[in-house]
Amino acid sequence: IPDPPYPDPLVSCRLCMLNREVGQYPVYGGGFNMQEGATDRFHEFCQEPYDAYDGWPYASMFCEKADNKKKGNCRLCSSCGEDYPTRSGGIYDHYRAFWNFRKGCEGPWGDYGTKNLSLCCTTPEPSCSICSSCGGYWPLETGSFHGDHPSVQRASFEGRGKLCSGDVQKLCLLYTSPSPRDQRGSRMPSSA
């Protein structure tokens, strides 16, 4: 199966500590509580530095505006739908608290008791993807889960394989990675 073409370089998403819907990444795309030390993410307003931020267990996805309706390119949803049809990964965890959009990525975000999250994007070639390691068309890390953390070990993930290749499938360790043309403040993972 050939890799998809490069995604749109103008719209990117990041996993952040918090954002308050301002700055370069103003569009909230969903979030979760994975316990402190379980994820690497960007700091307030989705800016550098990028690390685990012990003492703050929440991680939220924020995106750049995809259009004048203040929609982002991707969202964490109960299931993908008409406006966000492309599934680019997923998270399942019976114990975690998720804040997501409803089935079909519709309506306001909230805590709907969802245990299965899908990373849903607006285009067939999404600007970000969940992967076991960064590479290929998604070489830059914009968020990661620590595979040795107990709360991450209880969860299961779906995404692309090593070096962000192949179709979405069940994974072990993962990183979220944007288009290679979005070079703003991202870094490669130190290990896969």
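Select Arg87 and Glu158: the two form a salt bridge, and their closest N and O atoms lie 2.7 Å apart. This is a predicted model, and the structure holds 1 salt bridge.

Keep the pair selected and colour the strands. Arg87 belongs to strand β7, which covers residues 86-92, while Glu158 belongs to strand β13, residues 156-159. The salt bridge therefore links distant parts of the chain, as its partners are 71 residues apart. Now switch on the surface. Arg87 is partly exposed, with a relative accessible area of 33%. Glu158 is also partly exposed, and its relative accessible area is 33%. Both values count as partly exposed because that class lies between the 20% and 50% cut-offs.

Next, go to the loop between β3 (39-42) and β4 (50-51), where Pro49 is placed. Show the backbone atoms of Glu48 and Pro49. What kind of peptide bond joins Glu48 and Pro49? The bond is cis, with omega at about 0°. As background for this stop and for two of the later ones, most peptide bonds are trans, and most residues other than glycine have a negative phi.

Move on to Cys105, in the loop between β9 (101-103) and β10 (116-121). The phi angle of Cys105 is positive, about 60°, although the residue is not a glycine. Is Cys105 buried or exposed? With a relative accessibility of 3%, Cys105 counts as buried, because buried means under 20%.

From there, select Leu163, in the loop between β13 and β14 (169-171). Strand β13 was visited earlier, as the strand that holds Glu158. Leu163 has a positive phi near 60° and is a residue other than glycine. On the surface view, Leu163 counts as partly exposed, at 46% relative accessibility.

The last selection is Ser151, in helix α1 (residues 150-154). Hide the surface to see this residue: Ser151 is buried, with a relative accessible area of 0%. Add Ala38 to the selection and draw a line between the two C-alpha atoms. How far apart are Ser151 and Ala38 in space? The C-alpha to C-alpha distance is 6.9 Å, although Ser151 and Ala38 are 113 residues apart in sequence.

To review the tour, three views can be saved. One shows the salt bridge between Arg87 and Glu158. Another shows the cis peptide bond between Glu48 and Pro49. A further view shows Ser151 with Ala38, 6.9 Å apart from C-alpha to C-alpha.

How values were computed
Residues numbered from 1 in each chain as written. Predicted model: local features only at pLDDT ≥ 70, side-chain atom pairs only at ≥ 80, totals over all residues. Heavy atoms only, no water. Salt bridge = Lys/Arg side-chain N within 4 Å of Asp/Glu carboxyl O. Helix = DSSP H or I, 4+ residues; strand = E, 2+ residues; numbered from the N terminus. Buried < 20%, exposed > 50% of the residue type's maximum accessible area, 1.4 Å probe, protein only.
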